[in-house]
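Colleague: Could you pull up the model so we can talk it through together?
Modeller: Happy to, here it is.

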Amino acid sequence: RKPSQYLEQLFEHIERINPELNAITSLQKEYALLRAKELEAKKPEAHQMLYGVPIVIKENIQKVDFPVECASKMLKGYRGQFNATVIESLENAGAIIIGSANMDEFAMGSANEHSSHGVVRNPHDPKRVSGGSSGGSSVACAAGFAPITLGSDTGGSVREPAAFCGIYGFKPTYGRVSRYGLVAFGSSLDQISPFARSVEDLDLVLKVIAHEDPLDSTSLRGCYESQIEKYTLKGKKIGVIRSLLKAGLDDNVLQEFQSLEENLKKYGVEFVDIEIPSLEHTLSVYYVIACAEASSNLSRYDGIRFGHRAEGTEDLNDLYSKSRSEGFGAEVKRRIMLGTFALSAGYYDAFYGRALAVRDMMAKEFASVFEKLDFIYMPTAPTSAFKFGENSHDPLKEYLYDVFTIPANLTGIPAISVPTKVGMGCLPVGVQFMAAKGRDAELIAFASALE
Ligand code: GLN
């Protein structure tokens with residue numbers, strides 16, 4: 001079928017199912033069909049690896065004329081002013097961006113319950129959350145709205161919703177995919193990251209988006225080179241931190257975790273017990289650093305340069321404070337206040353400085369483990385998708401959902417969430433594998449061997 005015919009059918013499917021799930025916030029039908037026709041008018045070129053492939057992007061990635069609202073009242077009506085590097089790469093490869101996806105406001109959250117567009121529902125059980133903050137992108141992929149979707153992962157926002165929705169989510173090494181055009185939350189942690197329903201699709205999109213970019217000063221040299229074809233499991237060594245599996249893990253998750261481990265042993269994979277002592281500080285370190293960076297990044301929304309402007313204000317200060325009070329939601333305000341406090345004179349060393357020191361230590365501990373092992377194995381999240389409202393009244397409870405995903409962001413290493421339990425009538429479970437910095441291709445190849 002021609003891309004335009006395929007799209008017409010796809011749009012019918014989306015328009016039937018999306019109203020209940022609320023995953024896509026803006027479906028760009030006209031634009032996408034036009035682009036499909038353009039592609040049809042030319043022959044596919046050799047480098048067009050994603051010729052005609054529909055893709056959905058999270059609402060915090062810049063694409064000209066697409067809404068980039070970050071699910072915030074603050075950015076209501078804001079449209080993309082330029083194309084993010086990932087968009088340029090995808091379109092050069094022939095992909096068609098068909099719309100943008102719901103998310104937690106400014107990517108802060110683990111359940112997609114903090115969005116100006118309303119919650120996103122899990123396709124496996126609409127009474128349950130999709131996971132967050134890239135819940136819309138995750139559901140768009142799981143529900144078949146697009147084979148590949150993009151989210152952003154600052155502390156687990158792609159891997160956790162992937163686990164909740166029964167699909168793959170991959171956070172590349174920090175700097176492997178350009179952040180140019182991604183609305184900043186925690187710049188030293190943020191990474192644009194893909195969702196897919198198969199590892200082959202992840203591999204394909206990484207070939208397109210994972211490369212050096214002069215527009216992002218933290219971009220890594222070189223590019224992603226697939227190793228999917230020549231990979232064997234036999235002899236691989238994987239570390240497991242048993243102490244992490246004790247508290248707070250659902251039986252469901254533990255069972256899936258252990259049964260995959262047993263299975264892999266049959267294929268000649270060796271499991272080794274390891275310890276990474278600094279992991280006990282994961283959440284405190286992350287919430288100091290992420291909030292500090294967020295408070296600084298979000299200072300640009302002042303109602304003048306960017307964002308919602310309050311009416312009837314008395315002076316400049318009043319304009320700032322009213323605009324920000326009206327524009328930001330509760331979770332975002334909480335983070336800005338925490339971050340501003342952590343960075344304030346007299347507290348900087350005690351909080352931010354110390355968090356950076358522990359982060360450093362954690363990176364060293366991981367690096368030394370990877371000198372002897374290929375991968376580290378962990379659950380992605382402590383439970384399957386929970387019901388709406390179960391955790392949203394207590395921020396600390398929600399923060400606990402990231403305890404297994406955050407270490408990869410703090411240390412910059414690649415990590416993938418692999419779905420283990422997907423089927424009619426059961427809630428999906430995800431498990432996670434991590435590799436040393438820069439070993440993205442090896443990790444993807446390993447995951448493909450599990451399929
Ligand atoms: N849930 C985490 C947070 O709220 C991670 C968010 C993310 O990865 N964008 O900060």
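Colleague: Which residues come nearest to the ligand?
Modeller: Keep in mind that this is a predicted model, where local features need pLDDT of at least 70, side-chain atom pairs count only at pLDDT 80 or more, and totals for chains, interfaces and linings use all residues. Residues are numbered from 1 along each chain as its sequence is written. A residue is near the ligand if its C-beta atom, placed from the backbone, lies within 6 Å of it. Of the 14 residues around the ligand, the nearest are A107, S110, T154, G155 and S157.

Colleague: How many residues of the shell around the ligand are charged?
Modeller: Asp, Glu, Lys and Arg count as charged; Ala, Val, Leu, Ile, Met, Phe, Trp, Tyr, Cys and Pro as nonpolar; and the others, Gly among them, as polar. The shell has eight polar and four nonpolar residues, and the charged ones number two.

Colleague: What is the radius of gyration of the chain?
Modeller: It is taken over C-alpha atoms, and the globule rule is 2.2 Å times the number of residues to the power 0.38. For 451 residues that rule gives 22 Å, and the chain is close to it, so it is as compact as a globular protein of that length: its value is 21 Å.

Colleague: With which residues is L90 in contact, leaving aside its neighbours within four places in sequence?
Modeller: Contact means that two C-beta atoms, placed from the backbone, lie within 7 Å. For L90, the partners are L50, I55, A95, I97, V208 and I209.

Colleague: What share of contacts between residues at least 6 apart in sequence joins residues at least 24 apart?
Modeller: Among those contacts in the chain, the share joining residues at least 24 apart is 74%. So that you have the cut-off again, contact is C-beta atoms within 7 Å, and the value you asked for is 74%.
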